[in-house]
Amino acid sequence: MARSTDKSTGFDPSAHTLAELCGMVVGMMHPYEDLAESIEDKAYAECEHDGFEEAKEQIRGIAAFFEQLENKSEENSRDLADVYVLLGEMHQCARLFRESEEWFEKAIVADDTYHAPYHSLAHSYLRRGEEKKAIKCWEQEIHVAPGNYYTYLLLADVYEKRGDANGFVRVLEGLLERDPDNIRALHRLIRHHERRNPELNVELLRRRLIGADSEFVKAELVIWTYHMCREKRFEEALWFLERREKDSLGLTVTHLLKAYIFGRLRHYTRKRRELSEFKCLSHGNENLMRTKLDEFRSVFGERATDRLAARLFVARPAG
């Protein structure tokens, strides 16, 4: 397939309609990979404005073009698989899950080493309650793309939901073999063993988590702080959180975490100050504050969260 895109021409895909972009691919004016992002954006925009059928026909035109190519290269096969995945995801957006599965299956036939169709097909299966099929898809995705760490966590969720403790542990331990400092996997294993095997000493896993050499995102920071508190290393945790505040202005969850720690230390004035700062940074938006509290609750639990919420949402007197 000819490669004719020249960045120096100033060509702007956003200035063209979905039909025009699809025509450029079929007419071999531009390679699909150069227009794929714009085509996807416009296709989804059409779907959101009752243009699903028209958008589907435009994308199917690209699929037919690749299907008819003789002596397809690996690049052509991957492009065809990408087009099939796009069609599948468009059907998912339209809640046509069985139809979406057909497109993802065609993508796998086009390129069975491509991880994307396995991942998306699993989601369609889950929406229809086909958990065993979803597991098989995600297991295959991990086989072809073992570096897709988030998929391990999704797969662990399904195993946990099904009560398959062996599958749950196996997947998380497989992730930790590849990524020993994965905070979420370590946390999930620790909580699992605390519930199911309370006699098992989890301190080694907790030390691994606390000492993980990782760039914490928000959820991981909450997890790390939780385990520091379990170790009663409150002052170290406060020092780290205050440093993160300076590096990441507006990171409101740090104030919730510090408020919890000050409560544990019985420094109630400082606890109230942190909650006031949290409320200020949330602009008093109750929905936003409750969203942040839900993130906190997912790790620290109901009791700890309710104590903070009681201070944040003080009932106003009537009248």
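In the predicted model, Cys 137 is placed in helix α7, which spans residues 131-144. Its relative accessibility is 8%, so Cys 137 counts as buried. Beyond the residues up to four places away in sequence, Cys 137 touches Tyr 118, Leu 121, Ala 122 and Tyr 125. For one of these, Tyr 125, the C-alpha atom is separated from that of Cys 137 by 9.1 Å, with the two positions 12 residues apart along the chain.

The largest nonpolar core holds 96 residues, and within it Tyr 32, Ile 39, Ile 59 and Phe 300 touch the most other members. Helix α4 (residues 74-93) provides the largest share of this core, namely eight residues. When residues up to four places away in sequence are not counted, Ile 39 touches Leu 18, Leu 21, Val 25, Tyr 32, Ile 59, Ile 62 and Leu 86. Tyr 32 and Ile 59, which Ile 39 touches, are also among the four core residues that touch the most other members.

Two packed helices are described by the angle between their axes and the distance between the axes. For helix α16 (residues 286-300) and helix α17 (residues 302-312), the axes come within 8 Å and cross at roughly 155°. Since this angle is over 145 degrees, α16 and α17 are therefore roughly antiparallel to each other. The crossing in which α16 passes α17 is right-handed. On the α16 side, the contact is made by Met 289, Leu 293, Phe 296, Arg 297 and Phe 300. On the α17 side, it is made by Glu 302, Ala 304, Thr 305, Asp 306, Leu 308, Ala 309 and Leu 312. By class, the residues of the contact of α16 with α17 comprise eight nonpolar, one polar and three charged. Phe 300, which takes part in this contact from α16, is also one of the four residues that touch the most other members of the largest nonpolar core.

Thr 305 lies in helix α17. The relative accessible area of Thr 305 is 0%, and Thr 305 is therefore buried. Apart from neighbours within four places in sequence, Thr 305 is in contact with Leu 293, Phe 296 and Arg 297. Leu 293, Phe 296 and Arg 297 also belong to the α16 side of the contact between α16 and α17.

Helix α17 also packs with helix α14 (residues 253-264), at an angle of about 105° and with the axes 11 Å apart. An angle in the range 65 to 115 degrees counts as roughly perpendicular, and α14 and α17 are therefore roughly perpendicular to each other. In this contact, Leu 256, Ala 259 and Tyr 260 of α14 meet Ala 304, Leu 308 and Leu 312 of α17. The contact of α14 with α17 consists of six nonpolar residues, with no polar and no charged residues. Ala 304, Leu 308 and Leu 312 of α17, which meet α14, also take part in the contact with α16.

Helix α10 (residues 183-196) includes Arg 184. Arg 184 has a relative accessibility of 30% and so counts as partly exposed. Not counting residues up to four places away in sequence, Arg 184 touches Leu 153, Val 217, Ala 219, Glu 220 and Ile 223. The C-alpha atoms of Arg 184 and Glu 220 are separated by 6.8 Å, although the two residues are 36 residues apart along the chain.

The packing of α10 with helix α12 (residues 218-230) has an angle of about 45°, and the axes are 10 Å apart. At this angle, α10 and α12 are therefore oblique to each other. The crossing of these two helices, α10 and α12, is left-handed. The residues in contact are Ile 183, Arg 184, His 187, Ile 190, Arg 191 and Glu 194 of α10, together with Ala 219, Glu 220, Ile 223, Tyr 226, His 227 and Arg 230 of α12. The contact of α10 with α12 has five nonpolar, two polar and five charged residues.

Most residues other than glycine have a negative phi. Asp 50, however, has a positive phi near 60°. Asp 50 lies in the loop between α2 (32-48) and α3 (52-68), and its relative accessibility of 79% is why Asp 50 counts as exposed. Lys 232, likewise not a glycine, has a positive phi of about 60°. Lys 232 is placed in the loop between α12 and α13 (234-247). With a relative accessibility of 58%, Lys 232 counts as exposed.

Key: Residues numbered from 1 in each chain as written. Predicted model: local features only at pLDDT ≥ 70, side-chain atom pairs only at ≥ 80, totals over all residues. Heavy atoms only, no water. Core = buried A, V, L, I, M, F, W, Y, C linked by side-chain atoms within 4.5 Å. Buried < 20%, exposed > 50% of the residue type's maximum accessible area, 1.4 Å probe, protein only. Helix = DSSP H or I, 4+ residues; strand = E, 2+ residues; numbered from the N terminus. Contact = heavy atoms within 4.5 Å. Axes fitted to C-alpha atoms, helices over the stretch in contact; angles between N-to-C directions. Parallel < 35°, antiparallel > 145°, perpendicular 65-115°, else oblique. Left-handed = near helix turned anticlockwise from the far one by under 90°. Nonpolar A, V, L, I, M, F, W, Y, C, P; charged D, E, K, R; others polar.
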